[in-house]
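This report introduces a protein structure to a reader who has not met it before. It takes up a few local features in turn, then turns to two helices and to the confidence of the model.

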Amino acid sequence: MKAVVFPGQGAQRRGMGRELFDAYPELVDEASEILGYSLRTLCLDDPHRQLGRTEYTQPALYVVGAFAHRQWRESTGGEPDFLAGHSLGEYCALHAAGAFDFATGLRLVQRRGALMAQARGGGMAAVVGLDAARLGELLDEGGFSGRLTVANDNAPRQQVVSGDTATVDALVAHLDARDVRCVRLNVSGAFHSPLMRQAQQDFARFVDGFALGAPATPVIANATARPYVPGRTAHTLVEQIVRPVRWTESVHHLLDQGVTDFVELGGRVLGKLIDQIRSAPRPAARPEAPAAPLEGPAAPVDTPHAPLDSADDTRGARPGTPAAALGSPVFRRRMGVRHAYAVGGMYRGIASAEMVIRLGRNRMLGFLGTGGLPLPEIEQRVKEVQHGLADGQPYGVNVLADHDDPAAERALVDLLLRHSVPAIEASAFMQMTPALVLYRARGLRRGADGRTVCDHRIMAKVSRPEVAEQFMAPAPEPVLDRLRRENALSDEQVRLARTVPMSHDITVEADSGGHTDGGVATVLMPAMLGLRQRAQDRYGYHEPLCLGLAGGLGTPAALAAAFMLGADYVLTGSINQCTVESGMSTEVKDMLQDAGIADTGYAPAGDMFEFGAKVQVLRKGVFFPTRANKLFSLYSHYDGIEEIPEKTRSLLERTYFGKSVEEVWDEVCSYLRSQGRDTEIDRAETEPKHKMALVFRWYFFHSTRLAMNGDGSGKVNYQIQTGPALGAFNQWVEGTEVASWRHRHVDRIGLMLLDGAAEHIATACRHWRDTLGAPSA
């Protein structure tokens, strides 16, 4: 069998393609017209020394590779069995396989090259003479693991590492001191690493404008070392920018398929690497690469909808680790995750796309934060997550109940349905709304065995038993009838909705950051477990209900306690907003990493202001809790702003709002009109108390915006929703590398907590055994 392969950046040389340009003059002219300069002059003469610059290198290599393949096919009359390309060369392979035409490919690589050339602050270094395992040891030894990415696994004894400039320089010195050959590469950025995230996001938006097909001949993807999946061409190309090039594995895969003949077109670089791969002893399994945290697992993990009959099945967990045994295997298999652990969707995108992607790539579940964001921005972030994850990698999106505007809640669910989002986290719901029922029921179908299959998962977040009971029950009949009359659901979907609960996975939320009822875990959890048993007995669900626990989880001991209370999984919140991936501002992260367990307080919730609902917020260094509670006190004592004493009103304008009440009201009206909620304005003009509530709510929005933007002039008004769990975490990691949020990665701290919890439980069990003595025979 034969494979044709194409080299990537580094294969360029002056004079390349000399024998090809005259053969395809029309394509040469087309390429020059697209690029805006003479490609022939660039490749053959390079008079301005541009051929080595990324934005010029990549289009040049693509064109030469495309011409070389055309000539090879015309001269041999044959077709390869497989195609592959190293980094940029993958575009040549896809063009050769018919995934897109010549011009489309050139436009893609022109944009890709320009975006990658703009990357700054990163670098790369080639390490020669070490296998991947030994390199991993040296990275660990020097404290580089997690800070650098093995960007190219080129051959058994040739790796390329990416990272920020200072860290790459430090690695070169570290390896030089140990007589390891390490060469700093002349590139502008840390290619194939998370530091290329901005280029990836910009490229994703560009790719959206093209219709890319599936390869007619199998093309091995750099990011997966497996053939491209139909329908995922654009996604995989976008992913390639930040994912390592798994060249060694790619060649091994081709050899496993029976390839014996490799033909390199467009350069003379890959042949030597392939020879090294073929001749080197092959490891029994791909080694774990500690410096490449974004790589997915070597083996596939069960999908969320695999059969749930085997209660002791732990597939998908990290084999051999105590943390893998924590919680419910049903939950792990249902959600397609390694661990019974999830990260909640924090307000205004604090739970960012980057956070959800990093978790998903490590088979951990994260929910994108959407509360307070406009629909177009939510849609862009959902697309970003989907571009950043491969098929089957877990993710979800938070849906916050909208008590003021049910139509907005429905619009969000419609958006998630359009984009086939597989799971949502339902927060702050008091009853089952039409939007929530629609999402659940639209994902129901009948399986081959006649049982109901749930393609849409709802993880409900509850703190009250009466709300938990609603999620444990099937969808309410009146809501199903209404949706059926609207033709939003089919008769079959309505029938199936009666056979399953609204949510199979229910997170019991004890006292926590953000919205909180101040519940106590040791009281709530046993009560909820009783409700679950009654629901299971009453409805006879085939698929079991799982209960998670959230609130106050910031140390291994806290997670251990949650699992010992009977939690099937745990969900963390506050600790994750003080991480590299968090969407919170740098200024707030600096404040949060110094917070203690007594540095939080309670304030009214802006979105549920009139109800007196509470959120838990940081009080250290800010006046927000005091001022927010003052506003609620004023709301409780007066029937309108005009009744508030002039002295107090002046204080509000000067220190709280920073502008007059009239100016605030104008902003509120502009916002309501933009949302099509003019009736709210009409109501406020006739109900002074409602107008006062809307004006006071503006302060909550304003204080959150100040914090998210890191606006130093308004620091005392920052609203930072967080709980004491963060203070406990800060205390736990004091004196370690992760004492600084700049070294906290959301997946890493999750695994630290889980591993610590497993050890905590094991130690407790040993203590109980030693104290009580072994049982008699």
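In which loop does Ser-420 lie? Ser-420 is placed in the loop between α16 (406-418) and β12 (423-427). In these names, helices (H or I, at least four residues) and strands (E, at least two) are DSSP runs, numbered from the N terminus.

The model is a predicted one, in which local features need pLDDT of at least 70 and side-chain atom pairs count only at pLDDT 80 or more, while totals for chains, interfaces and linings use all residues. Residues are numbered from 1 along each chain as its sequence is written, and side-chain values use heavy atoms, with hydrogens and water left out.

**Two loop residues with positive phi**

Most residues other than glycine have a negative phi. Ser-420 has a positive phi near 55 degrees, although this residue is not a glycine. Ser-420 counts as exposed because its relative accessibility is 55%; buried means under 20% relative accessible area, exposed over 50%, and partly exposed in between (1.4 Å probe, protein chains only). Not counting residues up to four places away in sequence, Ser-420 touches Gln-386 and Tyr-395, where contact means heavy atoms within 4.5 Å. Between the C-alpha atoms of Ser-420 and Asp-455, which are 35 residues apart along the chain, the separation is 9.4 Å.

Arg-49, also not a glycine, has a positive phi of about 55 degrees. Its loop runs between α3 (39-44) and α4 (54-76). With 72% relative accessibility, Arg-49 counts as exposed.

**Accessibility of selected residues**

The table sets these two residues beside two from helices.

| Residue | Place | Relative accessibility and class |
|---|---|---|
| Ser-420 | loop between α16 and β12 | 55%, exposed |
| Arg-49 | loop between α3 and α4 | 72%, exposed |
| Ile-681 | helix α27 (residues 678-686) | 7%, buried |
| Glu-653 | helix α25 (residues 646-657) | 18%, buried |

Leaving aside neighbours within four places in sequence, Ile-681 is in contact with Trp-665, Cys-669, Leu-672 and Arg-673. The C-alpha atoms of Ile-681 and Tyr-569 are 44 Å from each other, and these residues are 112 places apart along the chain. For Glu-653, with the neighbours within four places again left aside, the contacts are Gly-658, Lys-659, Ser-660, Val-661 and Glu-662.

**Helix α21**

Helix α21 (residues 521-539) has 19 residues, which should span 27 Å at 1.5 Å a residue; its end C-alpha atoms are 26 Å apart, in agreement with that value. The expected span is 1.5 Å times one less than the number of residues. Its buried residues are Ala-521, Leu-524, Met-525, Met-528, Leu-531, Arg-532, Ala-535 and Gln-536. Seen down the axis of α21, these buried residues fall within an arc of 135 degrees, so they line one face of the helix; the arc is that of the directions from the helix axis to the C-beta atoms. They pack against β15 (457-462), α18 (465-472), β16 (505-509) and β18 (546-550). On the face turned away from the buried side are the exposed residues Thr-522, Val-523, Arg-534, Asp-537 and Arg-538. Gly-540, just after α21, takes a positive phi of about 60 degrees.

**Helix α9**

Because eight of its 11 residues are buried, α9 is largely enclosed by the rest of the structure. Among these buried residues are Arg-197, Phe-203 and Val-207. The elements covering them include α5 (89-96), α6 (102-118), α10 (233-240), α14 (353-361) and α15.

**Confidence of the model**

The protein averages a pLDDT of 89, and 94% of the residues score at least 70; pLDDT is the predictor's confidence in each residue, from 0 to 100. Among the elements, helix α17 (residues 434-442) has the highest mean pLDDT, 98, and strand β17 (residues 514-516) the lowest, 72. Over residues 284-320 the pLDDT stays under 50, and the model has 85 contacts beyond four places in sequence for this stretch. Where pLDDT is low, the predicted coordinates should not be read in detail.
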